Amino acid sequence: MMENIFRCPVCRQPLNDNGKSLVCSNRHSFDKASQGYVHLLTSNKMNSKLPGDSREMVAARTAFLSLGFYHPFREGLCRIVCDNLKGKDHPVILDAGCGEGYYTSELYRTLSQCCADPVVCGFDISKFAVKAAARDKNLSLSVASCFDIPMADSSVDALTAVFSPIVPEEFARVVKPGGIMVLAVASPRHLMGLKQLLYDTPYENERRDTDYEGFRFESRTEILTEAFLKDNQSIKNLFAMTPYFWKTSVEGSARLAAAQSLYTELGFDLLLYRRI
Ligand SMILES: [Zn+2]
């Protein structure tokens, strides 16, 4: 039996993979889905029956990402991780809140060129997102939460979190001393064009405090780009992957429904930290 990269979410013991399921020494057992991922979110930690992004939201995001407007962000993220792990043997990379694996798959592809046998794993609280990510058989994937990461202490060389909940104490627990954490957050004018369509007085995103206990802040890389969307479906798909999806007025929703084109600035801040 092979030891899995993930740990038991109940007792944190190692999990052995017997082909069909993952089992710890305390006999907690987790079935593998036919797509290869494993569900490690225990029912008492789920706030709802189907937490996270719905099937429709995952489909909308997948469709929008396939247009390529976010490629510069993905490239920038992979470059930072690669520059820091170059030449390492079997580095472990964890994509926390990996969604449908847009960044995770590219991390695997890029790291395979600069490291020996990278282990790239990811988790998301949405089963539908993980199922979509599991199309890439190079990845180790589970359904889990950022608040209770099913990984051993000090087991991760690089943790990435792209617009995921930031849980500093859990991230510090799993990242090895000397390892890195890369957070992707919205830069001030990210999605300004979309916000101008939705709101009467759109505000710039605030740049927040960047200190997290257990980590030393090393650098901020701002990546700026833009998108010009030429059909209503693409505009709706972009909208569905933003937090504005949950807080838009009737008037804003009506303008969105009528919009046939949209120009918007896009910007990510990639924040690099090193575990002390
Ligand atoms: Zn257990």
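Which residue in β2 is the bridge partner of M2? In this predicted model, that partner is D17, and the pair offers a convenient way into the sheet at the start of the chain. Strand β2, spanning residues 14-17, runs antiparallel to β1 and is joined to β1 by three bridges. Six residues lie between these two strands in their hairpin, and among the features of this hairpin is R12, which adopts a positive phi near 65°.

Stepping back to the whole sheet, four strands come together in the order β1-β2-β3-β4, with antiparallel pairing, and the sheet is open. Because β1 (2-7) and β4 (29-31) each have a single partner strand, they stand at the edges, and one side of each is left without a neighbour in the sheet. On average, neighbouring strands here are turned by 30° against each other when direction is ignored. Sheets of this kind are held in register by a familiar pattern: strands pair through backbone hydrogen bonds, in either a parallel or an antiparallel manner.

At the β4 edge, the partner strand is β3 (residues 21-23), and three bridges link β3 and β4 in the antiparallel sense. Within this pairing, V23 is found opposite S29 of β4.

Further along the chain, attention turns to helix α7, which covers residues 232-240 and has I235, N237, L238 and F239 as buried residues. The cover over the buried residues of α7 comes from several elements, including the helices α1 (55-65), α6 (192-198) and α8 (250-258). Strands contribute as well, with β11 (215-229) and β12 (262-275) also among the elements that cover them.

Conventions:
Residues are numbered from 1 along each chain as its sequence is written. This is a predicted model: local features need pLDDT of at least 70, side-chain atom pairs count only at pLDDT 80 or more; totals for chains, interfaces and linings use all residues. Two strands pair if DSSP finds at least two bridges between them. Axes are lines fitted to C-alpha atoms, for helices over the stretch in contact, and angles run from 0 to 180 degrees between N-to-C directions. A residue is buried if 20 or more other C-beta atoms lie within 10 Å of its own, exposed if 12 or fewer, and partly exposed in between; C-beta atoms are placed from the backbone. Two residues are in contact if their C-beta atoms, placed from the backbone, lie within 7 Å.
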